[in-house]
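This report describes the fold, the surface and selected residues of one protein chain. Please consult the sequence and the structure alongside the text.

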Amino acid sequence: MTVLRRVPKGTLFYGKLLLLFSLVAWAFLLSSHHVFLLMENNETQVPLFWLKARSNRSFSLSFKHSYDKAMYIEHYKINGSKGFVLTGITFRSDLNGQGFIFSNPKYLANGWGSFQKLHEVMANISFMMGSPDQANHTLTIKGKRFFLTKYAPPGTPVRLVAVNARRYKLYVWKLKKWIK
């Protein structure tokens, strides 16, 4: 015969109170604002890629330049939700080196060059998504590489923006991507 024992009333009360505090803490966490690096379709503003980021976080966007057919690496810092600051460009070029909008390129013996100490403030970074075999746009942040053609097909006009959004929006976006 099984004997059921009553649970003391205080135990249930504190258990429910702990559950309530946990739910409230999760609600505050999910509703808190955070800076995100967002890649969206430039024509439809449909989000294609979200990444949690921080202000002043450095990242780079590398691609094979369509004119030079050589690698370019643009270095940026996230300027809060105000956009980005272009801090430098590293490039490899076999052409004559004309047509740069920045002065004083520093050339290295191995065929690479760079523009350093730039401070170009930008609201967004817009470009046409290239194919993986031609441009291979790659975002590198915190040592992780993200191949952007995984999120947008070649020929898509895209832009990177820094947005200050509620944290739950990232999870809603991930859920929508998972359902598709």
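The sections below move from the overall architecture to individual residues.

## Overall architecture

The model discussed here is predicted. Its protein chain contains 2 helices and 12 strands. Along the sequence these elements follow the order α-β-β-β-β-β-β-β-β-β-β-β-β-α.

The chain has 180 residues, of which 35% count as buried. Among contacts with a separation of 6 or more, 55% join residues 24 or more positions apart. The accessible surface amounts to about 12,300 Å², and carbon and sulfur atoms account for 59% of that area.

## Positive charge on the surface

A patch of positive charge on the surface is formed by Lys-52, Arg-54, Lys-142 and Lys-144. One of these residues, Lys-142, is situated in the loop between strand 10 (138-141) and strand 11 (144-147). Lys-142 counts as exposed because its relative accessible area is 57%, above the 50% limit that defines this class.

## A buried salt bridge

The structure holds 1 salt bridge. Its partners are Arg-159 and Glu-40, whose closest N and O atoms lie 2.6 Å apart. Arg-159 belongs to strand 12 (residues 157-166) and Glu-40 to strand 1 (residues 33-41), so the pair ties together parts that are 119 residues apart in sequence. Arg-159 and Glu-40 are both buried.

## Strand 1: Leu-37 and Asn-41

Two further residues of strand 1 are considered here, beginning with Leu-37. This leucine is classed as buried because its relative accessible area is 1%, where the class requires a value under 20%. When neighbours within four places in sequence are left aside, Leu-37 is in contact with Phe-49, Trp-50, Leu-51, Ala-53, Phe-59, Phe-84, Leu-139 and Val-161. The C-alpha atom of Leu-37 is 6.8 Å from that of Leu-160, although the two residues are 123 positions apart in sequence.

Asn-41 also lies in strand 1. With a relative accessible area of 14%, Asn-41 is likewise buried. Apart from residues up to four places away in sequence, Asn-41 touches Val-46, Leu-48, Thr-156 and Pro-157. Between the C-alpha atoms of Asn-41 and Ser-126 the distance is 9.6 Å, while 85 residues separate the pair along the chain.

## Loop residues with positive phi

Which backbone angle has a positive value in Gln-45, a residue other than glycine? The angle is phi, which is near 60° in Gln-45. Gln-45 is placed in the loop between strand 1 and strand 2 (47-52). Its relative accessible area of 39% makes Gln-45 partly exposed, since this class covers values between the 20% and 50% limits.

Asn-136 is not a glycine either, and its phi is positive at about 50°. This asparagine is found in the loop between strand 9 (125-128) and strand 10. Asn-136 is partly exposed, having a relative accessible area of 27%.

## Summary of the selected residues

Strand 1 supplies Glu-40 to the salt bridge with Arg-159 of strand 12, and it also holds Leu-37 and Asn-41. Leu-37 is buried, as is Asn-41, and the two partners of the salt bridge are buried as well. In the loops, Lys-142 is exposed, whereas Gln-45 is partly exposed and Asn-136 is partly exposed.

Note on methods. Residues numbered from 1 in each chain as written. Predicted model: local features only at pLDDT ≥ 70, side-chain atom pairs only at ≥ 80, totals over all residues. Heavy atoms only, no water. Helix = DSSP H or I, 4+ residues; strand = E, 2+ residues; numbered from the N terminus. Buried < 20%, exposed > 50% of the residue type's maximum accessible area, 1.4 Å probe, protein only. Contact = heavy atoms within 4.5 Å. Areas by Shrake-Rupley, 256 points an atom, 1.4 Å probe, with all protein chains shown as cover. Patch = residues over 30% accessible without salt bridge, like charges linked within 9 Å, V, L, I, M, F, W, Y side chains within 5 Å. Salt bridge = Lys/Arg side-chain N within 4 Å of Asp/Glu carboxyl O. Lys, Arg positive; Asp, Glu negative; His and termini not counted. Charge placed at Lys NZ, Arg CZ, Asp CG, Glu CD.
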